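Subject: Structure handover and first findings

Dear colleague,

I am passing on the structure below, together with an account of what was found in it. Please keep the structure open beside this message while you read.

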Amino acid sequence: MLIVTGVILGQAFFLWTRRRMREGKVPLVDLSVLGSARECAAVYAMFIVVALEAALNFTATLIVRFYKRFSPRTIGVAAFTLATAALVWLSLVVNNNWETLPTIIGLVASGIGQGALVTLVFNVLVTSAPAELAGDVGSLRGSTQNLASAVGTAMVGAMLVALLSVGIGRAVVEHPSLPPELIAQVDLDSVNFVSNEDLHALLSRTDATEEQVAYAVQLNEEERLRALKTGLLILAGISAMAILPASRLPRYRPHEIPADQLT
């Protein structure tokens, strides 16, 4: 019922927005951002990705089945260990084809570990705080998730670009097949992750021969993968360090919660 109501309200919002745009008024959201099939596809894809993430976290609520047998500390350490092992595994098996079985196994294991942790720490917060602070617990959880998402995205983005820049710079120096005259035509101060097609199009506008273009594309592909593997290993190290705060989670199980925690 709530989903149907949401769909109806969403359609009403679009109708209201279109009417304001026809009247020349400023809309809350300019629907011209959805003017092409590609933009609509991007929105749909974003919706599905976020929905899958929420669905995975919800499915990880199955971790509560272990609460009667294991303490939050044990579950937290085990979940971080699983996430760390999955990231190390991904750094070893990942390649330019993300649809291979070893890669899928690593992604699933990492998702299970992270989802279990999301469920666990929220329950620990709710259990540890007095009942009258339940609203504050929810606000703290939401703020922490949003802040962590922003910091994590920025950190990983900067780290991967830095790793790629170092790798490309080193490879250019170590491989004389790319002459200085050609390198001077490419801005290496703004190295970023680009597809093979985009790099090929960029180099085709230089004096590079077909052999040099093919070599540069291969080199970029190798360094791109190396940066990703190194980045996954660094993330695995961060996950491993997180085992320390996880080891300070409560030892008691739900039926062993001290009386002063329930008031």
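Which residue's side chain does a polar contact join to the side chain of glutamate 223? The partner is arginine 226, and the contact between the two side chains spans 2.6 Å. Before going further, please bear in mind that this is a predicted model, and that everything below should be read with that in view.

**Confidence**

The chain has a mean pLDDT of 79, and 83% of its residues score at least 70. Confidence is highest in helix 3, residues 72-93, where the mean is 90, and lowest in helix 6, residues 180-183, where the mean is 65. Where pLDDT is low, the predicted coordinates should not be read in detail.

**The chain as a whole**

The chain contains 9 helices and 0 strands, and the pattern read along the sequence is accordingly α-α-α-α-α-α-α-α-α. Of its 263 residues, 25% are buried. The accessible surface of the chain is about 17300 Å², and carbon and sulfur atoms account for 68% of that area. If one takes the contacts between residues at least 6 apart in sequence, 72% of them join residues at least 24 apart.

**The largest nonpolar core**

The largest nonpolar core has 10 residues in all, namely Ile63, Tyr67, Ile75, Ala79, Ala116, Leu117, Leu120, Val124, Ala246 and Leu249. Helix 3 and helix 4, the latter covering residues 101-128, each contribute at least two residues to this core, and helix 4 gives the most, with 4 residues. Isoleucine 63, one of the members of the core, is in contact with Ile75, Ala116 and Thr119 once its neighbours within four places in sequence are set aside.

**Helix 3 and its cover**

Helix 3 is made of 22 residues and reaches 31 Å from its first C-alpha to its last, which is close to the 32 Å expected at 1.5 Å a residue. The residues buried in helix 3 are Pro72, Ile75, Gly76, Ala79, Ala83, Thr84, Ala86, Leu87, Leu90, Ser91 and Val93, and what covers them includes helix 4, helix 8 and helix 9, the last of these being residues 243-246.

Serine 91 belongs to helix 3, and it counts as buried because its relative accessibility is 4%, under the 20% cut-off. Apart from its neighbours within four places in sequence, serine 91 is in contact with Lys229, Leu232 and Leu233. Leucine 228, which is placed in helix 8, has a relative accessible area of 22% and is therefore partly exposed. The C-alpha atoms of leucine 228 and leucine 90 are 9.8 Å apart in space, although the two residues are 138 residues apart in sequence.

**Helix 5 and glutamate 223**

Helix 5, residues 134-174, has 41 residues and reaches 59 Å from its first C-alpha to its last, close to the 60 Å expected at 1.5 Å a residue. Its buried residues are Val137, Met159, Leu160, Leu164, Gly167, Ile168, Ala171 and Val172. Valine 161 also lies in helix 5, but this residue is partly exposed, with a relative accessible area of 26%. Between the C-alpha atoms of valine 161 and phenylalanine 193, which are 32 residues apart in sequence, there are 7.2 Å.

This brings me back to glutamate 223, which is located in helix 8, residues 210-241. Is glutamate 223 buried or exposed? Its relative accessibility is 6%, and so glutamate 223 counts as buried. With neighbours within four places in sequence left aside, glutamate 223 is in contact with Leu164, Gly167, Ile168, Arg170 and Ala171, and among these Leu164, Gly167, Ile168 and Ala171 are buried residues of helix 5.

**Helix 1**

At the start of the numbering of helices, tryptophan 16 is placed in helix 1, residues 2-22. Tryptophan 16 is partly exposed, its relative accessible area being 36%, and its C-alpha atom is separated by 8.8 Å from that of proline 27, 11 residues apart along the chain.

With kind regards

Methods. Residues numbered from 1 in each chain as written. Predicted model: local features only at pLDDT ≥ 70, side-chain atom pairs only at ≥ 80, totals over all residues. Heavy atoms only, no water. pLDDT = per-residue confidence, 0-100. Core = buried A, V, L, I, M, F, W, Y, C linked by side-chain atoms within 4.5 Å. Buried < 20%, exposed > 50% of the residue type's maximum accessible area, 1.4 Å probe, protein only. Contact = heavy atoms within 4.5 Å. Expected span 1.5 Å × (residues − 1). Polar contact = N/O pair within 3.5 Å; in protein donor to acceptor, adjacent residues only side chain to side chain. Areas by Shrake-Rupley, 256 points an atom, 1.4 Å probe, with all protein chains shown as cover.
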